[in-house]
Amino acid sequence: MAIGLVAAALIASGQAGPPAAVPPAPQISGQRLQRWIPGDVRCSGRTFAGTQLRRPHTTLLWGEQTSAPRTYTFRIDPRGQAMSITGGGDWDYSTTDIAPSLAASHFPVAAALDNCTVTYTADPLSIADAPLGDLISYSINPLNGELPPAAWARIKPEGADCDKEPRPQWLRAVSPDYLKLPGAPGARDWSLVAYDLNAKGRPIHLRQAVGTGNVALERAALRAMGQSRLTQGPRRGCLNPFTRNATRLPAPADIDPPSLTPAGSNCAYDEKWETMPALVYPDNWRKRAIEGWAILAFDVAPWGATGHVRVLASQPSDEFGKAALPIVLDAKKKASSTGLVGCVERVRFRMGPGTPEPAGGG
């Protein structure tokens with residue numbers, strides 16, 4: 001019996017929110033933005049040219065934290081997707097998106113490549129020195145805390161008064177039809193719209209401030225903002241983000257689990273579960289709508305508890321195998337007089353159907 005893991009994730013949606021404004025949180029001394037910069041990709045001893053890896057999501061740092069470079073090994077399949085991703089070293093929250101961002105990258109190849117490596121180097125920057133685009137990107141996808149006031153002060157257009165109290169409130173918030181807009185597999189697109197408000201709360205002087213380059217989203221965002229209405233005009237220098245969530249990146253073809261059955265097994269592949277596994281999707285992969293699978297072997301005690309759980313195979317990263325371990329370990333088979341050895345199980349991590357997110361937060 002294969003465990004089909006279906007995440008209650010939003011994979012084809014977007015969101016629109018109120019104008020970006022300075023949050024009430026106080027600035028924390030020494031706060032910095034942590035970026036991870038990928039180096040050259042090398043496969044079988046030669047540098048792979050023409051690579052444009054997706055950058056991992058940035059995170060916030062406090063104090064003088066430092067991180068050593070992280071090296072990942074992988075292979076590239078004929079479609080140009082990274083597979084069999086391993087490595088990374090000790091766990092660090094700022095590194096949790098490195099493997100998913102590598103899986104979401106695309107390599108323009110004519111044939112499969114093996115023995116590939118890439119090293120990511122930490123690049124922590126002060127709020128004053130961080131590129132404005134990185135600050136805006138983090139404000140749209142805040143992973144571990146809100147940006148400090150100093151960052152919002154840099155994002156705020158010169159002469160803007162949209163954050164002046166009382167702040168404009170939505171009378172009619174129009175969102176694009178995100179499901180009809182093209183999306184990127186494994187990557188979230190966004191468009192930051194700048195505008196002013198006239199005395200009646202109508203957005204005027206609409207312009208694209210910055211974004212990820214999704215032209216269809218940019219056009220739809222400008223139309224939606226122009227059809228929206230707010231209170232408290234006139235105002236200048238307002239900002240509003242529109243996001244198109246990542247589209248599903250399907251898992252690679254998996255392996256027939258019985259073909260990996262350990263020698264000496266006395267466990268049928270379709271052995272029923274007494275207590276079904278608790279299915280949990282790894283959050284860092286869910287955010288990019290990247291699917292995966294893992295095949296595990298395990299033994300069963302006479303009273304039904306699972307043990308000696310080990311990963312036999314997983315794709316596109318060993319992180320799916322690590323996520324599947326507790327799923328099988330916490331489950332229970334039917335009790336038997338002698339127990340079972342050499343059982344195998346497949347855990348599939350699949351995204352659920354997309355549903356638009358509600359309007360909110362900018």
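A residue counts as buried when its relative accessible area is under 20%, as exposed when that area is over 50%, and as partly exposed in between. The exercises below apply this to a predicted model.

**Exercise 1.** Find the residue whose side chain meets that of Lys156 in a salt bridge, and decide whether Lys156 is buried, exposed or partly exposed.

*Solution.* Begin with the partner: the side chain of Lys156 meets the side chain of Asp163 in a salt bridge, with a distance of 3.2 Å from N to O. Next, take the relative accessible area of Lys156, which is 33%. Because partly exposed covers the range between 20% and 50%, Lys156 counts as partly exposed.

**Exercise 2.** Describe the salt bridge between Glu291 and Arg248, and say where in the chain its two residues lie.

*Solution.* First, the side chains of Glu291 and Arg248 meet at 3.0 Å, taken from N to O. The pair links distant parts of the chain, 43 residues apart, since Glu291 is in the loop between helix H5 (283-286) and strand E16 (292-300), while Arg248 is in the loop between strand E14 (235-244) and strand E15 (273-275). Finally, compare the accessibilities: Glu291 has 6% and is therefore buried, whereas Arg248 has 40% and is therefore partly exposed.

**Exercise 3.** Work out which parts of the chain are tied together by the pair Asp254 and Arg346.

*Solution.* Start from the contact itself, a salt bridge in which the closest N and O atoms of Asp254 and Arg346 are 3.1 Å apart. Asp254 lies in the loop between E14 and E15, and Arg346 lies in strand E19 (residues 340-351), so the pair ties together parts that are 92 residues apart in sequence. As for accessibility, Asp254 is partly exposed at 28%, and Arg346 is buried at 11%.

**Exercise 4.** Characterise the lining of the largest pocket by its residues and by the elements that supply them.

*Solution.* The largest pocket holds about 530 Å³ of space, and its lining consists of 18 residues, of which Arg55, His57, Ser137, Trp190 and Thr212 lie nearest the centre. Sorting the lining residues by character gives five nonpolar, seven polar and six charged. Turning to the elements, helix H2 (132-140) and strand E11 (189-197) each supply at least two of the lining residues, and the largest share, three residues, comes from H2. As a last step, follow Arg55 beyond the pocket: Arg55 is linked with Arg35, Asp123 and Asp134 in a network of salt bridges.

How values were computed
Residues are numbered from 1 along each chain as its sequence is written. This is a predicted model: local features need pLDDT of at least 70, side-chain atom pairs count only at pLDDT 80 or more; totals for chains, interfaces and linings use all residues. Side-chain values use heavy atoms; hydrogens and water are left out. On a 1 Å grid over the protein atoms alone, a cavity is a set of points where a 1.4 Å probe fits but cannot get out, and a pocket is an open set with protein on both sides within 12 Å along at least five of seven lines; lining residues have an atom within 4 Å of a point. Grid points are joined across faces, edges and corners, and a volume is the space filled by probe spheres set on the points. Helices (H or I, at least four residues) and strands (E, at least two) are DSSP runs, numbered from the N terminus. Ala, Val, Leu, Ile, Met, Phe, Trp, Tyr, Cys and Pro count as nonpolar, Asp, Glu, Lys and Arg as charged, and the others, Gly among them, as polar. A salt bridge is a side-chain nitrogen of Lys or Arg within 4 Å of a carboxyl oxygen of Asp or Glu. Buried means under 20% relative accessible area, exposed over 50%, partly exposed in between (1.4 Å probe, protein chains only).
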